[in-house]
Amino acid sequence: MRILIVEDEVKTGDYLKQGLSEAGFVTDITRDGIDGLHLLMTEEYDLVILDVMLPGMDGWQVLKSVRQIGKQMPVLFLTARDRVEDRVKGLELGADDYLIKPFDFSELLARVRTLLRRGKTKETELLEIADLKLDILRRRVTRAGKRIDLTSKEFSLLELLLRRQGEVLPRSLIASQVWDMNFDSDTNVIEVAMRRLRMKVDDEFEPKLIHNIRGMGYVLEIPEK
Ligand code: CA
C-alpha cells in the first residue's frame with residue numbers, strides 16, 4: 001500500500017512518514033501543492049494525506065484537479081482550522097475524510113485503514129451496514145431480510161449514503177449527486193425524500209441508521225452506544 005503525504009510542516013510531515021512506515025506502508029512525501037499534484041498525476045497511490053494550507057497550490061485545488069482527471073483514490077484532509085465550512089468544502093470537493101490538527105497518530109492510522117478498506121470494496125455490487133443491504137445490480141434493498149421498496153431517487157440517495165457511510169454529507173452535495181441540481185435553500189426536496197427514506201429504512205427497525213446532523217447534513221452510521 002502506497003501513500004502520498006502532502007504536508008509543508010516539516011515536523012508533522014516527518015512524524016507522519018515515520019509512523020506510517022513503521023505501520024508497514026510505503027510513503028512518499030512532498031511539501032508543496034504543485035509537486036503533490038504532479039506526483040498524483042504521474043504515480044499510482046492507494047491513498048493521499050493532504051494538508052489544506054500549502055505553498056504552491058492549496059490542498060483544495062490539488063484535490064479538485066485530481067478528481068477532475070478521474071483519480072479516485074481516497075483522500076484524507078488535514079486541516080488546522082476547526083471550521084465546519086472548511087470540512088464541508090473538502091468533502092464537497094471529493095475528500096473522503098478529514099482530521100483536525102493536532103491529531104493522535106493512532107486516530108490517523110485508524111482513518112487510513114478504514115479508507116483503504118473502503119477503497120478496495122468500492123466496486124462491490126452489494127453495499128451494507130448492520131442488517132441493511134443494497135444490491136446495486138438487482139436494484140434491491142432489504143433490511144433484516146425484509147424487502148424494502150424504494151423509488152429510484154430514494155434508491156440513489158441510499159446508495160450515496162451507503163457508499164460514504166460515516167461521513168456527514170452536506171445537503172448541497174446530496175443535491176448535486178442525487179438530483180443533479182445546485183443547492184437551493186428554498187427547496188425542501190431533500191428533507192422530504194430523506195424523511196420518506198428514513199420511514200422505510202429506519203422506522204420499523206433498530207438501530208436507526210440515517211441521522212440528521214443539524215446545520216450540517218445527513219450521515220448513515222450505526223450510532224455509538
Ligand atoms: Ca500547511
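1. How many residues of domain 1 are in contact with domain 2, and how many of domain 2 with domain 1? In this predicted model, seven residues of domain 1 touch nine residues of domain 2. The domain assignment places residues 2-119 in domain 1 and residues 126-220 in domain 2.

2. The separation and the shared surface of the two domains may be read together. Their C-alpha centres are 27 Å apart. About 670 Å² is buried between domain 1 and domain 2, and carbon and sulfur atoms give 53% of this area. On the side of domain 1, the residues that lose the most area to domain 2 are L91, E92 and R118, which together account for 60% of what that side buries.

3. Within domain 1 (2-119), helix α3 (residues 59-68) deserves attention. Seven of its 10 residues are buried, so α3 is largely enclosed by the rest of the structure. The buried residues are G59, W60, V62, L63, S65, V66 and R67. They pack against two helices, α2 (33-42) and α4 (84-92), and against two strands, β3 (47-51) and β4 (75-79).

4. Both ends of α3 show local features. At its start, a side-chain oxygen of D58 comes to within 3.1 Å of the backbone nitrogen of W60. Just after the helix, G70 adopts a positive phi of about 85 degrees.

5. The largest nonpolar core contains 30 residues, and L158, I174 and L197 have the most contacts inside it. Two or more residues come from each of the helices α6 (152-163), α7 (171-179) and α8 (189-201), and likewise from each of the strands β6 (126-129), β7 (132-135) and β11 (217-220). The greatest contribution is that of α6, with six residues.

6. Which residues does I174 contact, leaving aside its neighbours within four places in sequence? They are L157, L160, L169, W179, I190, M194 and Y218. I174 is itself one of the buried residues of α7, alongside R171, L173, A175, V178 and W179. The cover over the buried residues of α7 includes α4, α6, α8, β10 and β11. Just after α7, D180 takes a positive phi of about 55 degrees.

7. Two residues of α6 offer a contrast in exposure. E159 belongs to this helix and counts as buried, because its relative accessibility is 16% and the cut-off for burial is under 20%. Not counting residues up to four places away in sequence, E159 touches L127, L134, I136 and R139.

8. S156 is also found in helix α6. Is S156 buried or partly exposed? With a relative accessible area of 27%, S156 is partly exposed. From C-alpha to C-alpha, S156 lies 16 Å from M199, and the two are 43 residues apart in sequence.

9. Strand β10 (residues 210-213) pairs with β11 in the antiparallel sense, over four bridges. Among the paired positions, I213 has G217 of β11 as its bridge partner. Three residues lie between the strands of this hairpin, in which G215 takes a positive phi near 80 degrees. Strand β11 also gives two or more residues to the largest nonpolar core, and both β10 and β11 are among the elements that cover the buried residues of α7.

Terms used: Residues numbered from 1 in each chain as written. Predicted model: local features only at pLDDT ≥ 70, side-chain atom pairs only at ≥ 80, totals over all residues. Heavy atoms only, no water. Core = buried A, V, L, I, M, F, W, Y, C linked by side-chain atoms within 4.5 Å. Buried < 20%, exposed > 50% of the residue type's maximum accessible area, 1.4 Å probe, protein only. Contact = heavy atoms within 4.5 Å. Polar contact = N/O pair within 3.5 Å; in protein donor to acceptor, adjacent residues only side chain to side chain. Pairing = 2+ DSSP bridges. Domains from an automatic or database assignment. Buried area = accessible area lost by both parts, 1.4 Å probe.
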